[in-house]
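Biologist: Could you take me through this one slowly? I'd like to know what stands behind each label you use.

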Amino acid sequence: MIWNKEMECADREVMRDLQLKRLQEEVKYEYENVPYYAEKMDKAGVKPEDIRTLEDIALLPFITKEDIADNYPTGLFAQPMENIIRIQSSSGTTGKPKIIGYTQRDMEDWGEAVARGLAMCGATAGDVVHVAYGYGLFTGGLGAHAGAETIGATVLPMSSGNTARQIAFMQDMKSSIICCTPSYALTIAEAVEREGVDPEKLSVKAGLFGAEPWTKSMRGKIEKGLGLKAHDIYGLTEITGPGVSISCDENNGMHINEDLFYPEIVDPETLKPLPIGETGELVFTTLRKQGVPMIRYRTRDICRLMDDKCPCGRTTVRMDRVLGRTDDMLIVKGVNVFPSQVEIVIGKFRELTLNYKLIVDRVGNSDTIELMVEFAEGLIIDDIDFVEHMRKKVEHALRETLQIGCKVRFLNAGTLPRSEGKAVRVEDRRRFE
Ligand code: DLL
């Protein structure tokens, strides 16, 4: 089912006209309401009136996660707090989170964007939408929730975890659409098998899975294990959360909600726009955001756009699977983790050096993260009580900062290989091809 034919199936010229009109308004709005961005535009020698065509977007300066960090917490807000009705957040590079605020209209647009994805899953008001993304500052839970409410479906705000309870609700409440990370979907599928539940007897017909990269083989296992059709949903906190793009039944790229988010692919080195079909860094401009509008936000996701006709009837440009990132951000259990955050934690302990390595792996369906870190010169690991005490302290501090558990292994000073160039701080043993 197509939720909003007018926007999702618009004639290309009509869509481009709408995008240009909204881009001009958004740039003017941001110039007038966010002094930091006005300064950036002045420095780049560009004024809102210079945006005469969609291609003129290339004249505008980019916004990066560093700009967000420099303006922590609310320096990029374009509205006073009394007009902000919601805050969501995700990890930043500096140890300070990225804070994004939403107005009433932003919330409505977010609900609309996710509703389109739920409709791709076949959702109507008669469906029971089981939301097993985490609720809270992370956008997954409340984003999926907003979409389900927009459709008028019955929402089960499960949040993540307690898999036995998830399965009991799926059975008893006849959940028909499930929303969670693909790795959690696999965990649920395995528990379903373990408990001897027949997936065909579950009422769930489709799922909206995202927030992390996933593979074709994961898709196959989820579809079989839960007896449903899997859809991919992409998004990021800075732009809105889930719902920037979603895959339809054709499962061939994710349709971008182009009336709300304008996509570009740029060469990550030269930052020049690349033609459609070429792989580069994905950049998004919000076209109707009031709380924290983002003009040319560098997502750091590597991707390509597709504009060939989709048999589903939607005319919007699609984005392919995310192939990787241009920065060092890791997604572990759906949570964004920067090595720099770990470094800040380690730096607080004088017993530790800054020689460390993070090992990320996947055990079963779950990501694991382990920190190997050297003790300071002179400290030798032979006092078991001391080592245990330190482990507890460091693991606690890491959990506080990263929001996920990270095991710690201590090494004697000088154990880790020394870098002769760029230090290799991360070993990611997971495979996403
Ligand atoms: O992960 C928003 C979201 C929630 C999307 C629920 C989909 C479902 P952040 O925590 O800010 O926001 O992380 C954003 O996650 O830049 C990508 O690197 C990655 N990501 C998100 N969706 C996908 C996906 C949410 N479908 C970052 N495939 C993004 C691959 C994804 N990577």
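Modeller: Sure, and keep in mind that this is a predicted model. Let's begin with strand 7, which gives the most to the shell around the ligand, with 5 residues.

Biologist: Which other element gives two or more residues to that shell, and which residues are closest to the ligand?

Modeller: Helix 6 (139-151) joins strand 7 (229-236) as an element that gives two or more residues. In total, 22 residues surround the ligand, and the closest are Ala211, Asp232, Ile233, Thr237 and Asp301.

Biologist: How do the residues of the shell divide into nonpolar, polar and charged?

Modeller: There are 10 nonpolar, 7 polar and 5 charged ones.

Biologist: What makes the pairing of Asp232 with the ligand a polar contact?

Modeller: The cut-off is 3.5 Å between N or O atoms. A polar side-chain atom of Asp232 sits 2.8 Å from a nitrogen atom of the ligand, so the pair counts. Asp301 passes too: a polar atom of its side chain is 2.6 Å from an oxygen atom of the ligand. For Arg325, an N or O atom in the side chain is 3.3 Å from a ligand oxygen atom, so that pair is also within 3.5 Å.

Biologist: And how much of the ligand's accessible area does the protein cover?

Modeller: On its own the ligand has 610 Å² of accessible area, and the protein covers 97% of that.

Biologist: Now the helices. Why is helix 8 called oblique to helix 9?

Modeller: The axes of helix 8 (residues 182-194) and helix 9 (residues 216-226) come within 9 Å and cross at roughly 40°. Roughly parallel would need an angle under 35 degrees, and roughly perpendicular starts at 65, so helix 8 is oblique to helix 9. Their crossing is left-handed.

Biologist: What is special about the peptide bond from Tyr72 to Pro73?

Modeller: That bond is cis, with omega near -5°, whereas most peptide bonds are trans. Pro73 is in the loop between helix 4 (65-70) and strand 1 (86-90).

Biologist: And what is the phi of Lys174?

Modeller: Lys174 has a positive phi of about 55°, although it isn't a glycine. Most residues other than glycine have a negative phi. You'll find Lys174 in the loop between helix 7 (163-172) and strand 5 (177-180).

Methods: Residues are numbered from 1 along each chain as its sequence is written. This is a predicted model: local features need pLDDT of at least 70, side-chain atom pairs count only at pLDDT 80 or more; totals for chains, interfaces and linings use all residues. Side-chain values use heavy atoms; hydrogens and water are left out. A residue is near a molecule or strand if one of its heavy atoms lies within 4 Å of it. A polar contact is a pair of N or O atoms within 3.5 Å; within protein, one must be able to donate a hydrogen and the other to accept it, and residues adjacent in sequence count only if both atoms are side-chain atoms. Accessible areas come from the Shrake-Rupley method with a 1.4 Å probe; for residues, only the protein chains shown count as cover. Helices (H or I, at least four residues) and strands (E, at least two) are DSSP runs, numbered from the N terminus. Ala, Val, Leu, Ile, Met, Phe, Trp, Tyr, Cys and Pro count as nonpolar, Asp, Glu, Lys and Arg as charged, and the others, Gly among them, as polar. Axes are lines fitted to C-alpha atoms, for helices over the stretch in contact, and angles run from 0 to 180 degrees between N-to-C directions. Angles under 35 degrees count as roughly parallel, over 145 as roughly antiparallel, 65 to 115 as roughly perpendicular and the rest as oblique. A crossing is left-handed if the near helix is turned anticlockwise from the far one by less than a right angle, and right-handed if clockwise.
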